[in-house]
Amino acid sequence: MTSKNTSYAHQIVVTEHDGHTVPVEDLESIRPITGRSLRYHGYVVQMMEETFMLNEHEELRRDVASLPGAVAVAAVNEKNEILLLRQYRHPTRLLMWEIPAGLLDNDGLSAEEIAAGANEAPFAVAVRELAEEADLRAETWHSLVDYFSSSGQCDEASRIYLARNLSEVPVHERHERSAEEAEAIFAWVPLEKAVALVLGGKIHNGMTAQAIMASYVASLNSFEGLRPAEDSWDFHPYRSGRRTRYSEGEYPTLEEKKA
């Protein structure tokens with residue numbers, strides 16, 4: 001599911017107990033869904049209860065948290081410093097150091113485009129988030145890390161972009177930050193010191209930890225061989241068509257199902 005045109009696209013295979021070899025790579029596996037109920041429908045999160053056939057003999061039930069996905073930006077300057085910003089995160093009740101990030105929520109589209117079923121391109125969201133959250137632009141972009149937040153219970157798929165050759169957004173064009181973002185403070189941290197913060201248990205945001213570690217490793221190779229910014233999003237469950245986010249009321253809630 002990833003680009004094969006990079007120095008990181010090595011093929012690794014392992015041998016199963018039956019003698020067959022399989023690649024160490026995430027691969028599509030569609031199991032029949034036999035039941036689905038909407039438990040909660042919020043602004044961002046949907047909670048589904050689903051039953052599916054693991055194989056022809058075993059049916060399982062799982063709760064699935066559904067989110068649209070997100071993008072984040074590891075902004076690295078000419079000194080190999082990464083930009084971190086601190087803001088309040090209510091679910092954790094912490095002031096957390098993170099990289100700029102945002103949901104794939106179609107904020108950049110007109111009402112007509114959204115009504116027509118359009119989706120804002122993830123790379124465009126990354127460019128916008130870097131400008132809005134950090135007042136920065138970048139000339140050089142790459143795809144750095146693709147990941148699932150918690151694949152055993154949640155379908156949220158995200159990408160971290162690497163942004164370099166940075167410049168500041170002119171003051172008159174800057175976004176006016178509000179809510180938690182209005183309290184944000186910023187720090188440029190050398191990559192090797194940022195790695196120490198992660199390993200020392202000082203930074204806990206998963207997206208940020210991945211960005212720091214991957215950026216540091218990439219810097220050791222002078223950022224050569226990385227995937228292009230427009231690399232495929234076929235790992236994403238909705239953009240690939242493996243899953244669908246549903247409108248409220250399309251499937252019965254558990255209460256309706258029991259009635």
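**Note on a predicted model: strands, helices and cores**

1. In β5, the residue that stands as bridge partner to Met48 is Val64, and this pair belongs to a set of 8 bridges through which β4 and strand β5 (residues 59-66) are joined in the antiparallel sense. Two strands are said to pair if DSSP finds at least two bridges between them, and the elements themselves are DSSP runs numbered from the N terminus, helices being H or I runs of at least four residues and strands E runs of at least two.

2. A word on the basis of these points: the model is predicted, so that local features need pLDDT of at least 70 and side-chain atom pairs count only at pLDDT 80 or more, while totals for chains, interfaces and linings use all residues. Residues are numbered from 1 along each chain as its sequence is written, and side-chain values use heavy atoms, with hydrogens and water left out.

3. Taken as a whole, the protein has 5 helices and 13 strands. Of its 259 residues, 40% are buried, where buried means under 20% relative accessible area, exposed over 50% and partly exposed in between, with a 1.4 Å probe and protein chains only. Its accessible surface, found by the Shrake-Rupley method with a 1.4 Å probe (for residues, only the protein chains shown count as cover), is about 15100 Å², and carbon and sulfur atoms hold 51% of that area. Among contacts (heavy atoms within 4.5 Å) with a separation of 6 or more, 62% are between residues 24 or more positions apart.

4. Strand β4 (residues 46-53) deserves a second look, since 6 of its 8 residues are buried. On the side of β3 (residues 33-41), 7 bridges hold the two strands in an antiparallel pair, with Gly35 opposite Thr51 of β4. A hairpin of 4 residues connects β3 to β4, and another hairpin, through 5 residues, leads from β4 to β5.

5. How are the strands ordered in the open sheet of 5 strands? The order is β9-β6-β11-β10-β13, and the pairing is mixed; β9 (101-103) and β13 (227-228) are the edge strands, each of which pairs on one side only. The pair β10 and β13 is antiparallel over 2 bridges, and His142 has Pro228, in β13, as its bridge partner. Helix α2 (residues 122-134) packs on this sheet and touches β6, β9, β10 and β11, its direction making about 120° with that of β10; α4 also packs on the sheet, touching β6, β9, β10 and β11, at about 110° to β10. Such axes are lines fitted to C-alpha atoms, for helices over the stretch in contact, and the angles run from 0 to 180 degrees between N-to-C directions.

6. For α2 the length can be checked: the expected span of a helix is 1.5 Å times one less than its number of residues, so the 13 residues of α2 should span 18 Å, and its end C-alpha atoms are indeed 18 Å apart. The buried residues of α2 include Phe123, Val125, Leu130 and also Arg128 and Glu129, and the buried residues of this helix pack against β6, β7, β9, β10, β11 and β12 (185-190). After α2 comes Asp135, whose phi is positive, near 60°.

7. A second open sheet, of 3 strands, has the order β8-β7-β12 with antiparallel pairing. Because β8 (94-98) and β12 stand at the edges with a single partner strand each, one side of each is left without a neighbour in the sheet. The twist from one strand to the next averages 30°. Between β7 and β8 there are 5 bridges, and Gln87 stands opposite Met96 in β8.

8. Which residues have the most contacts inside the largest nonpolar core? They are Ile82, Ile99, Leu144, Ile160 and Ile212, in a core of 26 residues; a nonpolar core is a set of buried Ala, Val, Leu, Ile, Met, Phe, Trp, Tyr and Cys residues joined through side-chain atoms within 4.5 Å. At least two residues of this core come from each of β6 (70-75), β7 (81-89), β10 (136-148), β11 (157-168), α3 (191-199) and α4 (206-220), and α4 gives the largest share, 6 residues. Beyond its neighbours within four places in sequence, Ile99 has contacts that include Ala72, Ile82, Leu85, Ile160 and Ala211. Apart from this core lies another, of 19 residues, among them Val73, Ala163, Ala229 and Phe235.
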